[in-house]
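Colleague: Could you talk me through what is packed inside this one, and say what backs up each label you use?

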Amino acid sequence: MINYGKELKYHRIVRNKSLRDVEKDTGISDTNLSRWENGKVLPNINFCVILADYYEISLDELIGRDTYYK
């Protein structure tokens, strides 16, 4: 099973972004980002689209589906 929080955090970390950086650039609160990354809750699709666009990747890449199903 895919660990969505781990995938979200991975994409942020490899881009050398802090939670505050992502918050500032996307308008998504760092509290929500942290809760998603720690697996406490899942983001809705609208937030996933914002993050995928921000990281310039597909939704599949954002959640790790591109590597999980290969």
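Modeller: Sure, let's go through the aromatic pairs, the burial labels, the core and the cavity; keep in mind that this is a predicted model.

Colleague: How many aromatic pairs does the structure hold?

Modeller: There are 2 of them. One is formed by tryptophan 36 and phenylalanine 47.

Colleague: What makes tryptophan 36 and phenylalanine 47 a pair, and why is the pair called tilted?

Modeller: The ring centres are 5.2 Å apart, and the limit for a pair is 6.5 Å, so they qualify. Their planes make an angle of 45°. Stacked needs under 30 degrees and edge-to-face needs over 60, so tilted is what remains.

Colleague: Why do you say this pair ties parts together?

Modeller: Tryptophan 36 sits in helix α3 and phenylalanine 47 in helix α4, so the pair links parts 11 residues apart in sequence.

Colleague: And the other pair, tyrosine 54 with tyrosine 55: why is that one tilted?

Modeller: Those centres lie 5.1 Å apart and the planes are at 55°, so this pair is tilted as well. The angle falls between the cut-offs of 30 and 60 degrees.

Colleague: How do you know which of these four rings are buried or partly exposed?

Modeller: Buried means under 20% relative accessible area. Tryptophan 36 has 4%, so it is buried, and tyrosine 55, at 5%, is buried too. Phenylalanine 47 comes out at 27% and tyrosine 54 at 22%. Partly exposed runs from 20% up to 50%, so that label fits both.

Colleague: Which residues make up the largest nonpolar core?

Modeller: It has 11 residues, among them Leu8, Val22, Ile28, Trp36, Leu51 and Tyr55. Helix α4 gives the largest share of this core, 4 residues.

Colleague: What does isoleucine 28 touch, beyond its neighbours within four places in sequence?

Modeller: Isoleucine 28 is in contact with Glu23, Leu33, Trp36, Phe47, Ile50 and Leu51.

Colleague: What makes a space in here count as a cavity?

Modeller: A 1.4 Å probe has to fit there but be unable to get out. Searching the whole structure turns up 1 cavity of 30 Å³ or more, with about 40 Å³ of space in it.

Colleague: Which residues line the largest cavity, and how do they split by class?

Modeller: The lining is Leu8, Arg12, Val22, Leu33, Trp36, Glu37, Leu51 and Tyr55. By class that gives 6 nonpolar, no polar and 2 charged residues. Arg and Glu count as charged, so Arg12 and Glu37 are the charged ones. Helix α3 supplies the largest share of the lining, 3 residues.

Technical notes: Residues are numbered from 1 along each chain as its sequence is written. This is a predicted model: local features need pLDDT of at least 70, side-chain atom pairs count only at pLDDT 80 or more; totals for chains, interfaces and linings use all residues. Side-chain values use heavy atoms; hydrogens and water are left out. On a 1 Å grid over the protein atoms alone, a cavity is a set of points where a 1.4 Å probe fits but cannot get out, and a pocket is an open set with protein on both sides within 12 Å along at least five of seven lines; lining residues have an atom within 4 Å of a point. Grid points are joined across faces, edges and corners, and a volume is the space filled by probe spheres set on the points. Helices (H or I, at least four residues) and strands (E, at least two) are DSSP runs, numbered from the N terminus. Rings of Phe, Tyr and Trp (its six-membered ring) pair if their centres lie within 6.5 Å; planes under 30 degrees apart count as stacked, over 60 as edge-to-face and the rest as tilted. Buried means under 20% relative accessible area, exposed over 50%, partly exposed in between (1.4 Å probe, protein chains only). A nonpolar core is a set of buried Ala, Val, Leu, Ile, Met, Phe, Trp, Tyr and Cys residues joined through side-chain atoms within 4.5 Å. Contact means heavy atoms within 4.5 Å.
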